[in-house]
Amino acid sequence: MPPRPLLLCLLALLSGTAAAQPASRWAAADGPVPGPARSIGGTSLGCIAGAEALPPEGPGWQVVRLSRNRNWGHPSLIAALRQLAGRARAAGLPDLWIGDLGQPRGGPMPFGHASHQIGLDADIWLDLSPKPLVPARARENIPERSLVLADQSMADPHLFTPAHARLIRMAAELPGVDRIFVNHGIKRSLCAAHAGEPWLRLVRPWRGHDSHMHIRLRCPPGSPECRDQPPVPAGDGCDAGLDWWLTPDARSPARVGPPGPPPRLPASCAGLLGAR
């Protein structure tokens, strides 16, 4: 083993190398690092080895915007999406549009997301209109439609149906789900109809997410460097805290610059871009 000062220098160099790799380089990786699947770091600061691709289409789903090459994730995420699509299909729902998962080696993205970096996040569009199999090229420019009222107080009752609630519940009840993000107006409508139901605890309000839900899994076995978020609070989330999202502070959050240097990717991510 190198002397301690040299070891510390090497670790600092690796960490600095990982931090210096811009999002464009992570996006340029066209395939995964081979070997066992490992999610490394946290969902907003990490990477993944051994990622698996979700096929462009399958029983109950069609991936949109394939040109982004963001249909990659940990095998546990791919299995969960297959399971969700199968359950939705068995319940009589149409094919699911599946949006971004992550990049082949994870890492930061040049646009669109701060998270989705370790292969445990996926966006499922809340478009439950009947849909035939659409050619991949035509799925590049499918518009998203908000399901929330203009004032964001609730989901639009003309657009948000019990079928949407069933789909969100199916997702929340998947094995390994840590939380699901939806617009707070959708959460408020779910609370009006399903308050007290255990699955609702995992459905969390967040900005945007008015046309899709964001599924996040817990760190899977075999990923010791993966870092989960703190657990979601107890209860169904239908308390007074939900009203905060309608306050001026929530609607126009203050923009605060970072107090110091940007956070660094885990040192273990440093070698992933050059691996073959």
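Okay, let's start with a question: is Asp100 buried or exposed? Keep that in mind while I show you around. One thing up front: this is a predicted model.

So, the answer. Asp100 has a relative accessibility of 6%, and because anything under 20% counts as buried, Asp100 is buried. Now, who does Asp100 pair with? Its partner is Arg70, in a salt bridge where the closest N and O atoms sit 3.0 Å apart. These two come from distant parts of the chain, 30 residues apart. Asp100 is in the loop between β7 and β8, while Arg70 is in the loop between β5 and β6. Arg70 is buried too, at 4% relative accessible area. And there's a third player here: Arg68 joins Arg70 and Asp100 in a network of salt bridges.

Quick reminder for anyone new to this: side chains of opposite charge can pair when their charged atoms come close.

Next one. Arg216 and Asp121 meet through their side chains in a salt bridge, 2.6 Å from N to O. Arg216 lies in strand β11 and Asp121 in strand β8, so this pair ties together parts that are 95 residues apart in sequence. Both ends are buried, with Arg216 at 8% relative accessibility and Asp121 at 1%.

My last example is Asp178 with Arg179, another salt bridge, where the closest N and O atoms are 2.6 Å apart. Asp178 is buried, with a relative accessible area of 9%, and Arg179 is buried as well, at 8%.

How many salt bridges does the structure hold? Nine. Have a look for the others when you open up the model!

Methods: Residues numbered from 1 in each chain as written. Predicted model: local features only at pLDDT ≥ 70, side-chain atom pairs only at ≥ 80, totals over all residues. Heavy atoms only, no water. Salt bridge = Lys/Arg side-chain N within 4 Å of Asp/Glu carboxyl O. Helix = DSSP H or I, 4+ residues; strand = E, 2+ residues; numbered from the N terminus. Buried < 20%, exposed > 50% of the residue type's maximum accessible area, 1.4 Å probe, protein only.
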